[in-house]
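Student: I would like a close look at a single part of this model. Please take one residue and go through its surroundings.

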Amino acid sequence: MYPIQTLKVGSLGTHNTLGLARAKNARYLMASTSEVYGDPEQHPQREDYWGHVNPIGLRGCYDEAKRFSEAIVMAYHRTHGVNTHVVRIFNTYGERMRLDDGRVLPNFMGQALRGESVTVYGNGSQTRSFCYVSDLVDGIFRLLFTEFHEPVNLGNPSEVSILEFAREILALSGSQSSLVFKPLPQDDPKVRKPDITRARQLLGWERKSTGMKD
């Protein structure tokens, strides 16, 4: 992790790009994240939910960087009239994911293909919802050309437990790897599932693809 750099990107980086968008009278889209909801007490998560984030925890640098980014984006829209948009991206997967980027899918796939034990944190009951990248791009494109400025969730409203997901990876890969359980990291979200009512009504969008070849 790079906590200081992460916080700088979310604050100074977002500030700088908003200034450029204002100067050039450009449309501006901020890629936010479901992590703004933290370890949520509302399930599924709607855009009007303010979240449950530990600001000084190990994950706080990323969560709070994105929450600050959303705040300054809305401030530039309200104060300077910048044509901003905010998309809250839930778990996404697709081609060309880096094996070392720390996400659960490449982690599991890399371990399975190398014949290593597949690491599941906690008891694996925590849930995630995975959206294929082409669906996400379609939703982002639709949002960019609206006149809507508040955050919009984009993700798959069907959730799966991490343990189920690990077993599916093992089955699809044909790997003989075993599962190994390790302690759950601090503030790791127990559930993650978007309410996409706003995306359906505003964009006519919902997840369609599984990413699998027919």
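Tutor: What follows is a description of Asn 156 and its surroundings, with a few backbone details from elsewhere. The model is predicted, and local features need pLDDT of at least 70, side-chain atom pairs count only at pLDDT 80 or more, while totals for chains, interfaces and linings use all residues. Residues are numbered from 1 along each chain as its sequence is written, and side-chain values use heavy atoms, with hydrogens and water left out.

Asn 156 sits in the loop between strand S7 (152-154) and strand S8 (160-161). Helices (H or I, at least four residues) and strands (E, at least two) are DSSP runs, numbered from the N terminus. Asn 156 has a relative accessible area of 5%, so it counts as buried (buried is under 20% relative accessible area, exposed over 50%, partly exposed in between, with a 1.4 Å probe and protein chains only). A polar atom of the Asn 156 side chain lies 2.9 Å from the backbone nitrogen of Ser 158. Leaving out residues up to four places away in sequence, Asn 156 touches Ser 129, Phe 130, Cys 131, Pro 194 and Arg 207, where contact means heavy atoms within 4.5 Å.

Two other loop residues are exposed. Asn 25, in the loop between helix H1 (3-24) and S1, has a relative accessible area of 73% and is exposed; its phi is positive, about 55 degrees, although it is not a glycine. Arg 96, in the loop between strand S3 (92-93) and helix H3 (104-114), is exposed at 83% relative accessibility, and its phi is near 65 degrees.

How values were computed:
A polar contact is a pair of N or O atoms within 3.5 Å; within protein, one must be able to donate a hydrogen and the other to accept it, and residues adjacent in sequence count only if both atoms are side-chain atoms.
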